[in-house]
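The following questions and answers examine a single model, moving from strand pairing to charged side chains. Please consult the sequence and coordinates alongside each answer.

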Amino acid sequence: MIILNGKEKEQYSDIFLTELLEREGYDIRKIAVEINGEIISKSIYKEKCVTSGDKIEVVSFVGGG
């Protein structure tokens with residue numbers, strides 16, 4: 001189980017970050033991700049493995065004027 005934006009997600013453990021984000025419907029180009037308090041570089045999303053107990057925060061960028 002992981003915590004994604006404050007919600008428990010039982011179905012995700014030992015999954016690559018890119019796959020998790022795609023399954024959750026995020027556009028990788030428009031987000032920033034923090035895992036356990038550490039900001040994760042987009043360049044390693046494909047190789048970063050999410051494991052049980054991880055706390056993940058996804059922030060979407062919103063344009064405006």
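**Strand pairing and salt bridges**

Q: Which residue in β5 stands opposite isoleucine 35?
A: This is a predicted model. β4 and β5 pair in the antiparallel sense, over three bridges. Within this pairing, the residue of β5 opposite isoleucine 35 is glutamate 38.

Q: Which residue in β7 is the bridge partner of isoleucine 35?
A: β4 is also joined to β7, which covers residues 55-60, and the two strands run antiparallel with five bridges between them. On the β7 side, isoleucine 35 has as its bridge partner isoleucine 56.

Q: What is the bridge partner of valine 33 in β5?
A: Valine 33 belongs to the covered face of β4, together with Ile31 and Ile35. Towards β5, with which β4 pairs over three bridges, the partner of valine 33 is isoleucine 40.

Q: Which residues make up the uncovered face of β4?
A: β4 spans residues 31-35 and has two faces that differ in being covered or uncovered. Ile31, Val33 and Ile35 are on the covered face. The uncovered face consists of Ala32 and Glu34.

Q: What is the order of the strands in the open sheet?
A: The sheet is open, has five strands and shows mixed pairing. Its edge strands are β2 and β5, each of which pairs on one side only. Neighbouring strands are turned against each other by 30° on average, direction ignored. The order is β2-β1-β7-β4-β5.

Q: Which residue in the turn of the β4 and β5 hairpin has a positive phi?
A: Two residues lie between β4 and β5 in this hairpin. One residue in the turn has a phi of about 50°, although that residue is not a glycine. With a relative accessibility of 48%, it counts as partly exposed. The residue is asparagine 36.

Q: Where is asparagine 5, which has a positive phi although it is not a glycine?
A: The phi of asparagine 5 is about 50°. Its relative accessible area is 30%, so asparagine 5 is partly exposed. Asparagine 5 is found in the loop between β1 (2-4) and β2.

Q: How many salt bridges does the structure hold?
A: One joins lysine 9 and glutamate 24, and another joins glutamate 19 and arginine 23. A further one is formed by arginine 29 and aspartate 27. The number of salt bridges in the structure is three.

Q: How many residues apart in sequence are the parts that lysine 9 and glutamate 24 tie together?
A: The side chains of lysine 9 and glutamate 24 meet in a salt bridge, at 3.4 Å from N to O. Lysine 9 lies in strand β2 (residues 7-9) and glutamate 24 in the loop between α1 (17-23) and β4, so the pair ties together parts whose separation in sequence is 15 residues.

Q: Is lysine 9 buried or exposed?
A: The place of lysine 9 is in strand β2. Leaving aside residues up to four places away in sequence, lysine 9 touches Met1, Ile2, Leu4 and Glu24. Because its relative accessibility is 18%, and the class in question requires under 20%, lysine 9 counts as buried.

Q: What is the relative accessible area of glutamate 24?
A: Glutamate 24 is the salt-bridge partner of lysine 9. Glutamate 24 is classed as partly exposed. Its relative accessible area is 27%.

Q: Which helix holds both glutamate 19 and arginine 23?
A: The closest N and O atoms of this salt bridge are 2.5 Å apart. Glutamate 19 is partly exposed at 34% relative accessibility, whereas arginine 23 is exposed with a relative accessible area of 52%. The two residues are four residues apart, about one turn of the helix, and both lie in α1.

Q: What is the N to O distance of the salt bridge between arginine 29 and aspartate 27?
A: Arginine 29 is exposed, at a relative accessible area of 67%. Aspartate 27 counts as partly exposed, at 27% relative accessibility. Their side chains meet in a salt bridge with an N to O distance of 2.7 Å.

Note on methods:
Residues numbered from 1 in each chain as written. Predicted model: local features only at pLDDT ≥ 70, side-chain atom pairs only at ≥ 80, totals over all residues. Heavy atoms only, no water. Salt bridge = Lys/Arg side-chain N within 4 Å of Asp/Glu carboxyl O. Buried < 20%, exposed > 50% of the residue type's maximum accessible area, 1.4 Å probe, protein only. Pairing = 2+ DSSP bridges. Axes fitted to C-alpha atoms, helices over the stretch in contact; angles between N-to-C directions. Contact = heavy atoms within 4.5 Å.
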